[in-house]
Amino acid sequence: MLRIEDIYKSFGEFMAVDGAELTVGKGELVAVIGPNGAGKTTLFNLISGQLKPDRGKVIFMDEDITNLPPYQICKKGIARSFQIVNIFHRLTVFENVQVAVLSQQRRSNRFFHPAQNIAVEETNRILENVGLLDNAWHIAGSLSHGDRRILEIAIALGNDPMLLVLDEPTAGMSPEETSATMSLVKRLADERGLTLLFCEHDMDVVFSIAQSIMVMHQGRTLIQGKPEDVRRNEEVVQAYLGGE
Ligand code: ADP
Ligand code: MG
């Protein structure tokens with residue numbers, strides 16, 4: 001579904017992404033791991049179009065999307081959340097998701113349908129899916145940190161993506177919240193037939209849910225493979241897992 005070929009991004013003299021490679025199969029749950037500063041967020045920004053690579057390619061569904069702007073990449077079916085919470089704090093939970101659903105429906109040109117009603121149903125369905133229906137009429141800014149992060153995922157789902165890209169969805173969560181959130185994400189992926197690409201610091205979580213793991217170090221891909229192969233790889237263990 002997604003293939004990143006030999007991609008580079010520098011900030012001034014500094015190579016944040018230095019020839020990384022990544023493959024994501026349809027329906028797969030793929031994790032990117034690596035120490036802080038490895039280039040994970042930059043790589044995700046290259047996928048979603050927030051940044052343009054210096055060279056290299058992003059291929060999605062056999063199409064070169066490397067130089068498309070973010071809104072067109074979103075339209076192709078890639079939705080993402082950010083490492084830092086990115087919601088409308090003064091809108092309600094419901095409105096935050098509805099904005100995404102409405103913009104998605106507008107894109108699919110359903111001019112002759114009562115878009116508002118469809119959006120209400122779909123928004124409610126998503127909120128129920130993620131367990132935020134009881135908070136629908138709360139102001140988003142009043143949610144707990146954990147619920148805000150879940151709301152971000154709900155907003156991403158509002159875009160009806162094929163590929164969901166989550167940048168540290170559990171950052172700042174307690175271990176209990178982390179495992180609950182990742183089970184939720186896994187369930188959503190199963191139920192909606194989503195492909196999932198995420199990065200996450202909790203190795204127990206990564207190794208329990210990812211079907212493929214890419215290890216990034218200093219902007220490069222050290223290895224991508226099945227969890228058991230990654231765990232066995234000597235270089236990875238030394239560069240990263242050993243330091244845990
Ligand atoms: P990770 O998400 O793996 O922690 P990042 O992709 O955020 O890593 O960052 C990789 C490196 O690139 C870091 O050293 C960071 O300081 C640097 N970097 C990221 N974004 C910028 C930017 N906009 N300008 C300059 N340096 C940046
Ligand atoms: Mg990051």
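Below are short exchanges on ligand 1 and the two domains of this predicted model.

The model is predicted, so local features need pLDDT of at least 70 and side-chain atom pairs pLDDT 80 or more, while totals for chains, interfaces and linings use all residues. Residues are numbered from 1 along each chain, chains are lettered from A and ligands numbered from 1 as written, and side-chain values use heavy atoms, without hydrogens and water.

Me: What makes a residue part of the shell around ligand 1?
Reply: One of its heavy atoms must lie within 4 Å of the ligand. The residues that surround ligand 1 include F11, P35, K40 and T42.

Me: Why is the pair between T42 and ligand 1 called a polar contact?
Reply: A polar contact is a pair of N or O atoms within 3.5 Å. An N or O atom in the T42 side chain is 2.6 Å from an oxygen atom of ligand 1, so the pair qualifies. A polar side-chain atom of T41 lies 2.8 Å from a ligand oxygen. For G37, a polar backbone atom is 2.7 Å from one. The protein buries 59% of the 560 Å² that ligand 1 exposes alone (Shrake-Rupley method, 1.4 Å probe).

Me: Which helix gives the most to this shell?
Reply: Helix 1, with 3 residues. Helices here are DSSP runs (H or I, at least four residues). Helix 1 spans 40-48.

Me: How do you know that domain 1 and domain 2 touch?
Reply: Contact means heavy atoms within 4.5 Å. By that test, 14 residues of domain 1 contact 10 of domain 2.

Me: What area is buried between domain 1 and domain 2?
Reply: About 1000 Å², with 64% from carbon and sulfur atoms. Buried area is the accessible area that two parts lose on being put together, summed over both.

How values were computed: A polar contact is a pair of N or O atoms within 3.5 Å; within protein, one must be able to donate a hydrogen and the other to accept it, and residues adjacent in sequence count only if both atoms are side-chain atoms. Helices (H or I, at least four residues) and strands (E, at least two) are DSSP runs, numbered from the N terminus. Buried area is the accessible area (1.4 Å probe) that two parts lose on being put together, summed over both.
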